[in-house]
Amino acid sequence: MKLPIVVFASAALAFSTPALAEHDYLFVALTGDNASGIFLDLETIQKTPTRKDVWTLIVNLAPEAQLPDHVSYAMRRYTYDCDARTTDMTYAALFTSRGESIRQGPTATGPRPIVPSTISETMANLLCKGEVPTFEHVATIEEARTMARKIAGLNREPK
């Protein structure tokens with residue numbers, strides 16, 4: 001009974017998420033605990049006069065992230081309403097280090113206010129105001145992980 005759902009979800013993911021090959025990922029920030037690096041996929045930005053839709057790449061920096069069956073990275077789609085100053089996560093997909101899908105689908109978080117001095121504000125300023133951080137671009141998920149680990153000062157390896 002579960003097989004058709006998994007197959008459907010995988011097919012939906014193929015049409016919903018950006019291809020996981022080379023892209024133009026821009027480093028935005030580390031999470032407060034240095035557990036993840038967050039990148040905007042600049043090739044996926046869709047704009048209207050007041051709204052911006054974009055995919056983000058979140059790389060898990062924990063040593064366990066490289067082990068089979070653990071979340072290694074996630075792709076999330078966000079909508080930023082520049083006038084209302086809100087953000088809404090509309091889709092999320094989690095993957096193993098082998099690129100295998102763990103879970104994916106639409107999310108129902110609803111619009112949330114963009115809080116000053118947060119990662120959401122940094123992304124909103126980039127998308128809505130064109131304020132580009134002075135960080136480098138990377139092309140692959142592995143390059144993203146390497147850059148985020150270097151910025152975080154992490155040199156630990158999985159056990």
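Biologist: Let's start with a pair of strands in this predicted model. How many bridges join S6 to strand S7, and which way do the two run?

Modeller: Happy to help! Strand S7 covers residues 101–106. S6 and S7 run antiparallel, and the number of bridges joining them is 5.

Biologist: Which residue in the turn of the S6 and S7 hairpin has a positive phi?

Modeller: The hairpin has 5 residues between its two strands. One residue in that turn has a positive phi of about 80°, and that residue is glycine 99.

Biologist: Now to the inside. Which element gives the largest share of the largest nonpolar core?

Modeller: This core has 19 residues, and Phe39, Leu57, Val59 and Ala148 touch the most other members. Elements giving two or more residues to the core include strand S1 (25–30), strand S4 (51–60) and helix H3 (141–152). The largest share is 5 residues, and it comes from H3.

Biologist: Are the rings of phenylalanine 27 and phenylalanine 39 stacked, tilted or edge-to-face?

Modeller: Both phenylalanine 27 and phenylalanine 39 are buried. Their ring centres are 5.3 Å apart. Planes over 60 degrees apart count as edge-to-face. The planes here stand at 70°, so the pair is edge-to-face.

Biologist: Is tyrosine 78, which pairs with tyrosine 80, buried or exposed?

Modeller: The two tyrosines form a tilted pair, 6.2 Å centre to centre with 40° between the planes. Buried means under 20% relative accessible area. Tyrosine 78 has 14% relative accessibility, so tyrosine 78 counts as buried.

Conventions. Residues numbered from 1 in each chain as written. Predicted model: local features only at pLDDT ≥ 70, side-chain atom pairs only at ≥ 80, totals over all residues. Heavy atoms only, no water. Core = buried A, V, L, I, M, F, W, Y, C linked by side-chain atoms within 4.5 Å. Buried < 20%, exposed > 50% of the residue type's maximum accessible area, 1.4 Å probe, protein only. Helix = DSSP H or I, 4+ residues; strand = E, 2+ residues; numbered from the N terminus. Pairing = 2+ DSSP bridges. Phe/Tyr/Trp six-rings, centres within 6.5 Å; stacked < 30°, edge-to-face > 60°.
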